[in-house]
Amino acid sequence: MKKLSLLILSVFIAISAVNTAKAQQETKIGYVNPQAVLAKMPEMRAIQQRLQNFSDKKREELTQKQQEYQTALQEFEQKIGVISEEASQREQDKLIKLQEDFQIAQQDIQRQIQQRQQELLGPMFNQISTAINAVAEQMGLTYVLNTTTSNGDQIILYASQEFQERYDITDAVMQELGVFE
């Protein structure tokens, strides 16, 4: 009975090892550089211009707030020797409020610019994602990795020439989107 159990266990382990080896052989990992794809998309130029216009408008608003603060500060500096202590305190409180408003406006504008960027680029990223999925399915890939982080740091530090030729799907994704170099 012990020998039979050991035989069954041995057969089970052998089958498991073969299945594991087969599964490992079937795993295919591709990679793509979405930023490169995005840069080649024809819509990108128009989106960059819209973002630039939006950013310029928001920076003008911020410059106006900064000028209001600078003007109030100059006026205070001119009056400081001739106004009462109570009036001086009111003016200082006014300056503090203007400075806080400027800082809040600065943060709000940064948030608005990021939100606008996401609104404009979101549909393009969805198109790229759809194309990546289509190419991955066509090539029978198990996983697709992004080659870089959002701040440009490389994730894939090395890939052999053979691997690059077989599994870098950046060009195939561009073809799927109709974007050509």
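Buried denotes under 20% relative accessible area and exposed over 50%, with partly exposed in between. By this scale Leu145, at 38% relative accessibility, is partly exposed. The legends below describe close-up views of a predicted model.

**Figure 1. Overall arrangement of helices and strands in the predicted model.** The protein contains six helices and two strands, and their order along the sequence is α-β-α-α-α-β-α-α. Of its 181 residues, 24% are buried. Among contacts with a separation of 6 or more, 84% join residues 24 or more positions apart. The protein exposes about 13,400 Å², and 51% of this area is supplied by carbon and sulfur atoms.

**Figure 2. The largest nonpolar core, which has 21 residues.** Within this core, Leu38, Met124, Ile128, Ile169 and Val173 touch the most other members. Helices α2, α3 (43–79), α4 and α6 each provide at least two of the core residues. Helix α4 contributes the largest share, namely eight residues. Apart from neighbours within four places in sequence, Leu38 is in contact with Met44, Leu121, Met124, Phe125 and Ile128. A second core of five residues is separate from the first, and its members include Leu62, Phe102, Ala105 and Ile109.

**Figure 3. The buried side of helix α6, residues 170–177.** The buried residues of this helix are Thr170, Val173 and Met174. These residues lie on the same side of α6, because the arc they cover around the axis is only 100 degrees. Their cover includes strand β1 (29–32) together with helices α2 (34–40) and α4 (85–139). Val173 is also one of the residues that touch the most other members of the largest nonpolar core. After α6 comes Gly178, which has a positive phi near 80 degrees.

**Figure 4. A nonpolar surface patch formed by Ile29, Tyr143 and Leu145.** Together, the three residues of the patch have about 270 Å² of accessible area. Leu145 belongs to strand β2, which spans residues 143–146. With a relative accessibility of 38%, Leu145 falls in the partly exposed class. Tyr143 also serves as a reference point for Asn133: the two are ten residues apart along the chain, and their C-alpha atoms are separated by 9.8 Å. Asn133 is located in helix α4 and, at 44% relative accessibility, is partly exposed.

**Figure 5. Surroundings of Thr147 in the loop between β2 and α5 (161–167).** Is Thr147 buried or exposed? Its relative accessible area is 11%, so Thr147 is classed as buried. Not counting residues up to four places away in sequence, Thr147 touches Tyr31, Val32 and Asn33, as well as Asp153, Gln154, Ile155 and Ile156.

**Figure 6. Salt bridges within helices α3 and α4.** The structure holds six salt bridges, and three of them are described here, beginning with Glu61 and Lys58. An α-helix has 3.6 residues a turn, so residues three or four places apart point the same way.

- *Glu61 and Lys58.* The side chains meet at 3.6 Å, N to O. Both residues belong to helix α3, where a spacing of three residues separates them by about one helical turn. Glu61 is partly exposed at 32% relative accessibility, whereas Lys58 is buried at 11%.
- *Glu86 and Arg90.* This salt bridge has an N to O distance of 3.1 Å. Glu86 and Arg90 are four residues apart in helix α4, or about one turn of the helix. Both of these residues are exposed.
- *Arg116 and Glu119.* The two side chains form a salt bridge of 3.4 Å, N to O. The pair also lies in helix α4, and being three residues apart places Arg116 and Glu119 about one helical turn from each other. Arg116 is partly exposed, with 24% relative accessibility. Glu119 is likewise partly exposed, with a relative accessible area of 43%.

How values were computed: Residues are numbered from 1 along each chain as its sequence is written. This is a predicted model: local features need pLDDT of at least 70, side-chain atom pairs count only at pLDDT 80 or more; totals for chains, interfaces and linings use all residues. Side-chain values use heavy atoms; hydrogens and water are left out. Buried means under 20% relative accessible area, exposed over 50%, partly exposed in between (1.4 Å probe, protein chains only). The arc is that of the directions from the helix axis to the C-beta atoms. Contact means heavy atoms within 4.5 Å. A nonpolar core is a set of buried Ala, Val, Leu, Ile, Met, Phe, Trp, Tyr and Cys residues joined through side-chain atoms within 4.5 Å. Patches are made of residues with over 30% relative accessible area and no salt bridge: like charges are joined within 9 Å, nonpolar side chains (Val, Leu, Ile, Met, Phe, Trp, Tyr) within 5 Å. Accessible areas come from the Shrake-Rupley method with a 1.4 Å probe; for residues, only the protein chains shown count as cover. A salt bridge is a side-chain nitrogen of Lys or Arg within 4 Å of a carboxyl oxygen of Asp or Glu.
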